[in-house]
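Here are some exercises to work through with the structure in view. Try each task yourself before you read its solution.

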Amino acid sequence: MTSTANTSTSSRRLPGAAAVALAATAALLAGCSSSSGTKSDDPLANDKASGDTVVVGSNNFAESILLADIYGEALKAKGVKVTYKPNIGSRETTYGLLKNGSIKVLPEYNGALLAYLDKKAVPKTVAATTAAINAKLDSKLTLLDPAPAQDRDSITVNAATAKKYNLTEKSTIADLKNTAKDLALGASPEFQARQQGLLGLKSVYGLEFKSFKALDAGGPLTQSALQKDTVQAADIFTTDPTISKEKFVVLQDPKNLFGFENVQPLVYKSGLPQKGVEALNAVSAKLDTAALLDLDSQVQLGNKDPLDVAKGWLKSAGLG
Amino acid sequence: MNLLNFVNAFFSDSSHWHGYDGIPTRAWEHVQYSLMALAVAAAIGLPVGLLTGHTGRGGNVLAFVATAARALPSFGLLVLMFVLLGLGLLPVMIPLVVLAVPPILVTTYEAVRSVDPSPVDAARGMGMSEPRILFQVEVPVALPLILSGLRSAAIQIVSTATIAAYVSLGGLGRYIVDGLYQRNYEKVVGGATLVAVLALATLTLFWAVSRAAVSPGVRRST
Amino acid sequence: MNGFFHLPSDLQNTWLGLVGLHLREALLPVLAGLVVALPMAQLCVRFRWLYPPVLGVTTVLYAIPSLAFFVVLIDYTGLSETTVMIPLAVYTLVVLVPAIVDGIRSVPQETLDAADAMGFGPLRRYVQVQLPIAVPAILAGLRVATVSSLSLVSVGTLIGNQGGLGNLLTDAMFYHRPMLAVNSVVTTAVLAILLDAALVLVRILLMPWMPRATRAKRTRADARPEPSAIALEDAAR
């Protein structure tokens, strides 16, 4: 362990020096940015103006941005002032921002949120999921109605792997019991440390894969890696339009590791007026999985702008 | 500032010391990417720099190429290459090589140009061939500066190779990107420390190489 | 070029808007860096023993990857432009301090003596004699710092779309639109080349008596590599 000692001594000087340099530049930049502060559109920098404007945030993947647009436009249609804060990061970041009121509305997925809040819970129904989340949720936050639309994390294999191991739509994650040791699994970096991830795959299904490749949250890296057989199995969102395009096979999850994944708005209680709550509940009532899949393909394959797609759907659902 | 606690926690967690995500594996991956990029960049930059420096022609073109290459943003180039080429080592190598070529090219050119003309003329007068003049007169004198160009390139590669992790490759950037998404500061700070240490190790290595390789006569005169 | 200037709505900005944002996020740090580097360099000239440790610290700071720097700062400055700008400002020091130190040291002793003889005080001598003579070196440093700063801003897209033109990059991936990535890279590169050219122009305007090419005929005495040139290369990330 000599190298441990070495590295920590050589880095000892570093924070001190960094502190001095940072303090100096921070002071300077504070001066600069306040003098050039004509742009006040950064909701995270100044929270003062948040009284009447609702900040709708989203995580760092395409569907989250689309859902945020749907929520935001539905709110605007009811006369609520909205600003967007898209592409923030993973839940580990966005939950914190919601808790401190920097963002007021965030599209969430009930099962994934619960797994983040309580690693052990295995609820049997949507209502039980909501109840379990509410038990653990920060007191300043609340969940609105869940939509019937589900977008689950999944263990999905590519066509070649499905053929090689005879996996079909009816196969389950448990069927990988004997083959997982030969397969490379790809998923987002946060998957490694999540219950709905490597931890759960091991504890619930007893699976350990040959290797893990950190990609992104069901995004282009994951799609590309699975398609090119860089990984044989990956965490792909079930509403991903590339599943049907690339003939990927989604494995069943009989033990409910990935739980219910209904789209559900998570909001900062005091940040959303009653008419906003009603508007978002009206969205959830109409949004089902088929609709979500269709909207996702329009954005990710059809080259359409998420905002236009959101507006189009709201209009057709009578909410725009 | 409890950065030190993070560093401590990171390095004392024994699970960070073995396996595919262990420090030895990640550091070795990082060194491999860096060496590969440096080798390719040197294979491009050194011959071109030596030739233009020796002939004294093409200096302006060279300066323009270097400026243009510097202007290309590494991270942007990485994403662009990923979008065009898909996953793999190539999308990472291209931005790293583009990053490393300008310092090697420009310094090598400068180094050869700045060699005192009188010994060169003397060598020519003695009937030495142009390649011999380049390699036996100019290069030994220019070596310290040429090495410093390689050193700058190496340091920039080492600290920029972290972006490989963004397109799912390994290396020490893995800790930083994973730490960002898992909101795990321990990993971010630990990874950053390792990169900084590797960069300083590179500096030391080049210092040692230049002590060993530069002719004592040249060292005395500079 | 269908869609080159047509940006996805989630960026909430026009192409020109992103250019402005990018320039601000890249140039304010260079400015801040210059403001810090000037007195720091003066101290290093005055107290020679100070220079090696200052160089050491800036080099170590420079070796920290930008993304790690951003992530650690998020807790203090949030997902904001400031979080991107602080590391960039710190990075410029590794270029600017040596550039200014060498510039000021290059002022010949006779010139300083002449200024003293004319009754210049230390401040006046600094502002009217040393600084103007150091301008070419300072501008050379600014060129490197500016280009590298422009390139690094893009990484800010990973901390909540704070990366100016870099924000196009994540969208290029989300929506499978390579043209957005091309846009980001090309625009950033063009900005870098234009600003670099602008700084060269500034030098020509400020010092019309200087030769346009930086290199005059070399004599034996200055055949030695200039330390500033090496430091500049070190920092052109």
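Two residues are in contact if their C-beta atoms, placed from the backbone, lie within 7 Å. Keep in mind as you go that this is a predicted model.

**Exercise 1. How many residues do chain B and chain C each bring to their contact?**

Solution. Start with the counts: chain B gives 45 residues and chain C gives 38 residues. Next, find where the chain B residues sit. The helices α3 (59-71), α4 (74-85), α5 (90-113), α7 (130-160), α8 (173-182) and α9 (185-213) of chain B each supply at least two residues of the side that touches chain C. Finally, sort that side of chain B by residue type: 26 are nonpolar, 16 polar and three charged.

**Exercise 2. Describe chain A in broad strokes, using its secondary structure and burial.**

Solution. Begin with the elements: chain A has 13 helices and ten strands. Then look at burial: 51% of its 320 residues count as buried. Last, turn to contacts between residues at least 6 apart in sequence; 76% of these join residues at least 24 apart.

**Exercise 3. Is Gln195(A) buried or exposed?**

Solution. Locate the residue first: Gln195(A) belongs to helix α8 of chain A, residues 195-205. Now count neighbours. A residue is buried if 20 or more other C-beta atoms lie within 10 Å of its own. Gln195(A) has 20 C-beta neighbours inside 10 Å, so this residue counts as buried. Who is around it? Beyond neighbours within four places in sequence, Gln195(A) is in contact with Ala115(A), Lys119(A) and Gly200(A). Tyr116(A) is 79 residues away along the chain, yet its C-alpha atom is 7.6 Å from that of Gln195(A).

**Exercise 4. Which strands stand at the edges of the sheet β7-β6-β8-β5-β9 of chain A, and why is one side of each left without a neighbour?**

Solution. Write down the order: β7-β6-β8-β5-β9 is an open sheet of five strands with mixed pairing. The edges are β7 (211-214) and β9 (249-250) of chain A; each has a single partner strand, so one side of each lacks a neighbour in the sheet. Now step inside: β6 (residues 184-187) and β8 (residues 233-235) of chain A run parallel, joined by two bridges. Leu185(A) has Ala233(A) as its bridge partner in β8(A).

**Exercise 5. Which residues of β3(A) lie on one side and which on the other?**

Solution. In a regular strand, side chains alternate between the two faces of the sheet. Val105(A), Pro107(A) and Tyr109(A) are on one side, Leu106(A) and Glu108(A) on the other, and all are buried. As for pairing, five bridges join β3(A) to the antiparallel strand β10 (residues 263-268) of chain A, where Leu266(A) stands opposite Leu106(A).

Terms used: Residues are numbered from 1 along each chain as its sequence is written. Chains are lettered from A and ligands numbered from 1 in the order in which they are written. This is a predicted model: local features need pLDDT of at least 70, side-chain atom pairs count only at pLDDT 80 or more; totals for chains, interfaces and linings use all residues. Helices (H or I, at least four residues) and strands (E, at least two) are DSSP runs, numbered from the N terminus. A residue is buried if 20 or more other C-beta atoms lie within 10 Å of its own, exposed if 12 or fewer, and partly exposed in between; C-beta atoms are placed from the backbone. Two strands pair if DSSP finds at least two bridges between them. Ala, Val, Leu, Ile, Met, Phe, Trp, Tyr, Cys and Pro count as nonpolar, Asp, Glu, Lys and Arg as charged, and the others, Gly among them, as polar.
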